[in-house]
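Thanks for coming. I'll put one structure on the screen and walk through how its parts fit together.

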Amino acid sequence: MGVSACETGGLSTAAVANTTDQAGTRELERQGADVEWLNCTAAYDDSDGKNQSPSAGVNTVAKVDCNGRTKDEKDITITGKVTREINGKCVRGDLTAKIAGKEWFQVNVLGNCNAPDPTPTPTPTPPADDNPPGGPGPTVTVTVTKTVYCQSHPTCWPEGK
């Protein structure tokens with residue numbers, strides 16, 4: 001999933017949600033939880049009630065809310081506040097994970113901030129000897145057919161039909 005790294009204030013809520021989802025799933029599984037699915041959302045924190053958009057000169061905080069389920073159907077939640085997201089590798093803030101209401105972990109950093117930046121994986125190309133004569137493989141042709149129904153008006157039929 002591609003995520004924009006820049007929103008107002010430099011903290012992308014989409015990147016925060018995605019990184020928390022990925023790193024949270026990895027950490028839960030590392031600690032022995034059998035995660036079936038996890039889905040996270042993030043929004044700018046408005047706990048001061050001013051409802052202001054973040055600006056570049058202000059430290060932005062994103063409120064994160066994740067819900068999921070283990071394979072044995074126990075509810076998973078990860079909630080908290082994130083102050084920094086680093087290139088899809090980690091989030092910093094204050095996060096708490098619970099499974100079936102029991103605290104599983106509470107962290108200030110979720111993920112590995114020192115990991116190498118993720119690199120896009122190139123699309124594999126079949127070896128040259130696997131390519132049939134005349135090209136690298138089949139091509140796709142899309143044909144659009146428009147049916148005109150005007151039986152009551154014989155003069156509207158397309159020419160040649």
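Let me start with the helix and what it packs on. This is a predicted model, so please take everything I say as a reading of that model. Helix H1, residues 13–30, lies across E1, E2, E3, strand E4 (90–99) and E5. Its direction runs at about 150 degrees to E1. H1 has 18 residues and reaches 25 Å from its first C-alpha to its last, which is close to the 26 Å expected at 1.5 Å a residue. How many of the 18 residues of H1 are buried? The count is 13, and H1 is mostly covered. Just after H1 comes Gly 32, with a positive phi of about 100 degrees.

Now the sheet under discussion. The sheet is open, has 5 strands in the order E1-E2-E3-E4-E5, and its pairing is antiparallel. Strand E1 (35–44) and strand E5 (102–111) stand at the edges; each has a single partner strand, so one side of each is left without a neighbour in the sheet. From one strand to the next, the twist averages 15 degrees.

Next, the hairpins. Strand E2, residues 62–70, pairs with strand E3, residues 75–86, in the antiparallel sense over 8 bridges. In this pair, Cys 66 stands opposite Ile 78 in E3, and Arg 69 stands opposite Asp 75 in E3. E2 and E3 form a hairpin with 4 residues between them. One residue in that turn, Glu 73, has a positive phi of about 65 degrees although it is not a glycine. For background, most residues other than glycine have a negative phi. Is Glu 73 buried or exposed? At 61% relative accessibility, Glu 73 counts as exposed.

E3 then pairs with E4, again in the antiparallel sense, over 10 bridges. Here Ile 76 stands opposite Ile 99 in E4. E3 and E4 form a hairpin with 3 residues between them. Asn 87 lies in the loop between E3 and E4, and its phi is near 45 degrees, a positive value in a residue other than glycine. Asn 87 is partly exposed, with a relative accessible area of 46%.

On to the charged pairs. How many salt bridges does a search of the whole structure find? It finds 4, and I'll go through some of them. In H1, Glu 27 forms a salt bridge with Arg 30, and the closest N and O atoms are 2.7 Å apart. Why can these two meet along the helix? Glu 27 and Arg 30 are 3 residues apart in H1, so they are separated by about one helical turn. The general rule is that an α-helix has 3.6 residues a turn, so residues three or four places apart point the same way. The two partners sit in unlike surroundings: Glu 27 is buried, with a relative accessible area of 17%, whereas Arg 30 counts as exposed at 60% relative accessibility.

The hairpin of E2 and E3 brings us back to Arg 69 and Asp 75. Their side chains meet in a salt bridge, at 2.7 Å from N to O. Arg 69 is partly exposed, with a relative accessible area of 31%, and Asp 75 is partly exposed as well, at 43%. Another salt bridge joins the side chains of Asp 72 and Lys 74, at 3.8 Å from N to O. Asp 72 counts as exposed at 52% relative accessibility, while Lys 74 is partly exposed, with a relative accessible area of 40%.

Last, the core. In soluble globular proteins, nonpolar side chains tend to be buried together. In this model the largest nonpolar core has 22 residues. Which residues have the most contacts inside it? They are Leu 28, Leu 38, Ile 78, Leu 95, Phe 105 and Leu 110. H1, E1, E2, E3, E4 and E5 each supply at least two residues of this core.

Take Leu 38 as an example of the contacts. Leaving out residues up to four places away in sequence, Leu 38 touches Asp 21, Gly 24, Thr 25, Cys 66, Asn 67, Gly 68, Ile 76 and Ile 78. Two of these names came up earlier, since Cys 66 stands opposite Ile 78 in E3.

That is where I'll stop.

Conventions:
Residues are numbered from 1 along each chain as its sequence is written. This is a predicted model: local features need pLDDT of at least 70, side-chain atom pairs count only at pLDDT 80 or more; totals for chains, interfaces and linings use all residues. Side-chain values use heavy atoms; hydrogens and water are left out. Two strands pair if DSSP finds at least two bridges between them. Axes are lines fitted to C-alpha atoms, for helices over the stretch in contact, and angles run from 0 to 180 degrees between N-to-C directions. Contact means heavy atoms within 4.5 Å. Buried means under 20% relative accessible area, exposed over 50%, partly exposed in between (1.4 Å probe, protein chains only). The expected span of a helix is 1.5 Å times one less than its number of residues. A nonpolar core is a set of buried Ala, Val, Leu, Ile, Met, Phe, Trp, Tyr and Cys residues joined through side-chain atoms within 4.5 Å.
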